[in-house]
Every structure is written in C-alpha cells, then in structure tokens.
Amino acid sequence: MKTPTLMVQGTSSDAGKSLLVTALCRVLARRGVRVCPFKPQNMALNSAVTADGGEIGRAQAVQAQAAGLAPLTDMNPVLLKPNTERGCQVIIHGRAVHANLEAAAYHDYKRLARSAVLESHARLGAGFEALVAEGAGSPAEVNLRRGDIANMGFAEAVDCPVVLVADIDRGGVFAQIVGTLQLLSASERARIAGFVINRFRGDPALLEPGLRWLEAETGKPVFGVLPYLQGLHLEAEDSLARPAATDAAADALRVAVPALPRISNHTDLDPLRLHPRVRLEWVGPGRTPPPADLVVLPGSKSVQADLRWLRAQGWERALQRHLRYGGRLIGICGGFQMLGAVLHDPQGLEGEPGSQPGLGLLALQTTLAAEKRLARVRGRLALPGAPPVSGYEIHQGVTRGEALGRPAVHLDGGGTDGALSSDGQILGTYLHGLFEEPAAGAALLRWAGLDAPQETDYRALREAAIERLADTAEAHLDLDRLFALTGMPYRRTD
C-alpha cells in the first residue's frame, strides 16, 4: 500500500508553506502518526547537517524536529545554493555534485534531479505512515513548468493531493488563489484539495463572505484561516525579512551584523536576536557601520564577492576602528575566512578563480577545495569555564596558519576549531550554531562585554514555537476534514 503524501504549495514565496508543514508534522505526531517532512527541491542558503552526514535546507531540519525525528538527507534530496545571480551549487542527496551550475544548464539537469527526488520519496514512504511535502515558490510560475520537480510536477509524479496556502497579509488573497488556479492545467487544478489562508488580522466575521464566495467560485473548501502570530519565531528558510533592530533592555549589548549579499546560515544569529539583553542590528548596503560592542561577520556562499562588498561598504576601516576602541569581533565560517590574510579560490568554486587579500586580522589563509566538510560536532569553547558548545560545519575552505595555535574550540575526541586572537578581541570559527548551547551563548556574551548575561535555551524556544504553531493549527483549521479529504492517516482527538 502506498504511503499517503500531502503536499503544501503556496501562491507565492513566503506564503506560509514551511510553517504549515511544520504545524501539520507536529499535529500528526501528537496524534501518534509516524510522519516525515519532505521537500523535493529547495533553493536556500540556510542549511543543516543531517544525522546521516549530508546537507539539507534548514527549514526541513526544523520540520524534522516537529515530527520528532533526526534530520535525514532524503527529507530534501535536491538543494540549490546560489553562488551568483545566475549560478548555484547543486546538492543531491546531501552532497555537492556541481560547484557552480548556470541556471539554464540546471533546467536541462532536472531529469537526473527528478530521479533523486523520486528515490528519496520512495525510501521515506517505506519507513513512515505519512509524508507532508512542501512546494517551492508558486506552482503558477509558468516559465519554470518544463521538467518541474518542485511543485505540481512532483505532485503529479507521485499522485498526491495539494493544499494551497495564501498570505492575506500581502493583500489580494482572493486574486492570489483564483489566479493561481487559472494558471494550472486541468489535472493540476483537480489535485488542489482546498485552501488555507495565512496571517489574518482583524475580525473573522468580515472575512466570512469572501470565504463563501471563494468556495462557490472554485468548488473547493477553505480548511481554515490562520491568524497572524505576533512574536512567532522559527528559522527562516532563506530571506532576511527581519526588523532592523530588536527590542531589548536599555543596557543591552549592541551587536552589528553586515547583511552580506550572499549571506548563508544567518540563523546562527537568531539566539542573539531573541536574547532580551541584546540589540542586534542587520546593516544593509549604503549604511554606515554603527557603533557596537560586538560585530559578527556571518557565513557567506561567495566569500570573495562578499568580502569585496564589505570593503566597498566601508567595513574594513570600521572594523579597524571598532577593534582600536576595544570592541569584540566574531567571524563564523565564511566570516572566519575573511579574517585571515588571504583567500584563494583556484578552481572558481564560488565564482571567478583567483585570490584576494583578507582583512588581515588573524594570521591564517584559506584555500577553497572541491571536497566540502559536513560534520556535526561538539566541544568546549576556549573561554573562562570552558562551556560546552555544539553545532555543525559546512564549508569547502581549508584554513592554515599560526593563528590556529590559539583555537577557539577544543573538540570532543581531540582536534580543534577556529582561532582566538592573542589580545582576546577576535574569535573565528567554522562552527554554525555557536550561540545555541545556553552556557556557550552566555559565555560569548560575557566575553563581548555583557555583565552577568542570562542563559537562554534557544532549542527550548524553538520547541515552544513549534508547539504554539501546532496549537494554532488545531484551533483554526478543520484538520479532520483536511486529513479525510487528502487521504492522510489521522486519529481524532475527541
């Protein structure tokens, strides 16, 4: 018997697909269903290392947590990580198979990618009672329909029903839904089981006539309307759609982070963004780097290009001034590589082949190599108290130099990571998730100058957000009807 799959597609990017899949995974897991998330193809620069040693989109790792699972590479068999405006690294089954494939060439590559998608779907189907799949962008992107594996092409291949989610906060929600249906083929329209409207604010009674019209116009049910959830935090799949600065106490630690054009794994900074005594500011193009206690250089998918951008934006001089006045500086992954004396990319893995000077703040140099390091690691920070730290490495850089003689992290089982400058002002590391362990996060904030920082359990905050999201789905969606119409296994709660 085929394992039921339900696919969530959206009328646009950021309509709420990831959140709805997360909610449904937790709801089904609560009801005793062995459920697994799945995203055929993902384009994102936020990623995670899986239990089986591969790389998948960050959102699927969160959805795995919602389902009570360790993340697996089959949950996201095709991951695209943009290097340039026209090219991306192609990751299949957790491993990079193309360093920088042009977009036009990728569309010809979709046949092989489709095979990988169907292989992963079949493997997961053999091990679980239900799969909840997430589409990408919108199924109505007519220029991308040929060879589609991300939306309706996948749904038709595995013969699964689709729930369409639309964001009412953007405006024009009925046009979003009806317009999307009009751009689908007859068989694809028939595959849409119904709709979920997301991010509603106001009096539901005022929306009711529109919902009844929509159902009459399309002949399909509205499964429910999810309210706008103030303060909900789950890691973003990719975009930096965040406030410029966080609300925080008057004595907050000021943290400045350049919003690099090819920033990757910016979710590393979420524990700081959510800390009540930290004021984190993303600094975009055209802005003068602000005064700060701590500057963090985040990860980058195109380190040399982003380093050129930093220089053009005045950050090199700003960092020298910041350090001269006693400020602290952290570089994570690509940001760590920028701190060294020179960056080499002889094979052109992240753009044009070549080398350029780094910021010269740590005595080290980095050469990009074809083999990517993917590892989940644990260790202890080289700070007072040696607090435990854990996270994951995702990088192609091989870094050498005398600065590594003062490591930032001592890894369990031997070995070290990163570097701590001799004056104690600069810390560089390859470790994503640096701030997630409560003791490590507090130690880093204390090192950066925050007096008696409280320990914040970021993983507990993420779990609470998943629970809140599932509670909201239970309260506002007709889940029994949704599961019945889509053929999903479920157990009633009454």
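How many disulfides does a search of the whole structure find? Zero, as it turns out. Keep in mind that this is a predicted model.

**Cysteines**

Take Cys-25 to begin with. Its closest cysteine sulfur belongs to Cys-36 and sits 7.4 Å away, which is too far for a bond. A disulfide would call for two sulfurs within 2.5 Å. Seen from the other end, Cys-36 is in no disulfide either, and its nearest cysteine sulfur is that of Cys-25. As for solvent, Cys-25 counts as buried because its relative accessibility is 0%. Cys-36 also has a relative accessibility of 0%, so Cys-36 counts as buried.

**Nonpolar cores and α12**

In soluble globular proteins, nonpolar side chains tend to be buried together. Here, the largest nonpolar core has 59 residues, and the members touching the most others are Val-255, Ile-330 and Leu-434. The element that gives the most to this core is α12, with five residues. Then there is a second, separate core of 44 residues, with Ile-149, Cys-160, Leu-164 and Ile-192 among them.

Ile-330 is worth a look on screen. Setting aside neighbours within four places in sequence, Ile-330 is in contact with Leu-294, Val-295, Val-296 and Leu-297, and also with Leu-427, Leu-434, Phe-435, Leu-444 and Trp-447.

How much of α12 is buried? Eight of its 10 residues are, so to speak, under cover, and the helix is mostly covered. The buried ones are Pro-438, Ala-440, Gly-441, Ala-442, Ala-443, Leu-444, Leu-445 and Trp-447. Just past the helix, Gly-449 takes a positive phi of about 115°.

**Cavities and a pocket**

The structure holds four cavities of 30 Å³ or more. Here are the two largest, along with the second largest pocket.

| Space | Volume | Element giving the most to the lining |
|---|---|---|
| Largest cavity | about 170 Å³ | β22, four residues |
| Second largest cavity | about 90 Å³ | α12, four residues |
| Second largest pocket | about 410 Å³ | α2, four residues |

Start with the largest cavity. Its lining runs to 18 residues, and those nearest its centre are Ser-300, Lys-301, Glu-350, Ile-394 and His-395. At least two lining residues come from each of α11 (334-338), β21 (365-381) and β22 (388-400). By class, the lining has 10 polar residues, four nonpolar and four charged.

The second largest cavity brings us back to α12. Among the residues lining it are Pro-438, Gly-441, Ala-442 and Leu-445, and each of these is also listed as buried in α12. Other lining residues include Pro-271, Leu-272, His-275, Phe-435 and Tyr-458. Both α8 (270-273) and α12 (438-447) supply at least two residues of this lining. Sorted by class, the lining has seven nonpolar residues, four polar and one charged.

Which residues lie closest to the centre of the second largest pocket? They are Arg-58, Arg-376, Tyr-392, Glu-436 and Arg-459, out of 19 that line it. Five elements turn up here with at least two lining residues each: β4 (47-49), α2 (58-67), β21, β22 and α13 (458-476). β21 and β22 also each supply at least two residues to the lining of the largest cavity. The pocket lining divides into eight nonpolar, six charged and five polar residues.

**A few loop residues**

Two non-glycine residues have a positive phi to check. His-93 has phi near 50° and lies in the loop between β7 (87-92) and β8 (95-102). With a relative accessible area of 22%, His-93 is partly exposed.

Ala-452 is in the loop between α12 and α13, and its phi is positive too, at about 45°. Is Ala-452 buried or exposed? Its relative accessible area is 57%, so Ala-452 is exposed; the cut-off for that word is over 50%.

Last, Gly-147 is found in the loop between β9 (130-134) and α4 (152-158). Gly-147 is partly exposed, with a relative accessible area of 42%. The C-alpha atom of Gly-147 is separated by 8.3 Å from that of Arg-114, although the two are 33 residues apart along the chain.

Key:
Residues are numbered from 1 along each chain as its sequence is written. This is a predicted model: local features need pLDDT of at least 70, side-chain atom pairs count only at pLDDT 80 or more; totals for chains, interfaces and linings use all residues. Side-chain values use heavy atoms; hydrogens and water are left out. Buried means under 20% relative accessible area, exposed over 50%, partly exposed in between (1.4 Å probe, protein chains only). On a 1 Å grid over the protein atoms alone, a cavity is a set of points where a 1.4 Å probe fits but cannot get out, and a pocket is an open set with protein on both sides within 12 Å along at least five of seven lines; lining residues have an atom within 4 Å of a point. Grid points are joined across faces, edges and corners, and a volume is the space filled by probe spheres set on the points. Ala, Val, Leu, Ile, Met, Phe, Trp, Tyr, Cys and Pro count as nonpolar, Asp, Glu, Lys and Arg as charged, and the others, Gly among them, as polar. A nonpolar core is a set of buried Ala, Val, Leu, Ile, Met, Phe, Trp, Tyr and Cys residues joined through side-chain atoms within 4.5 Å. Contact means heavy atoms within 4.5 Å.
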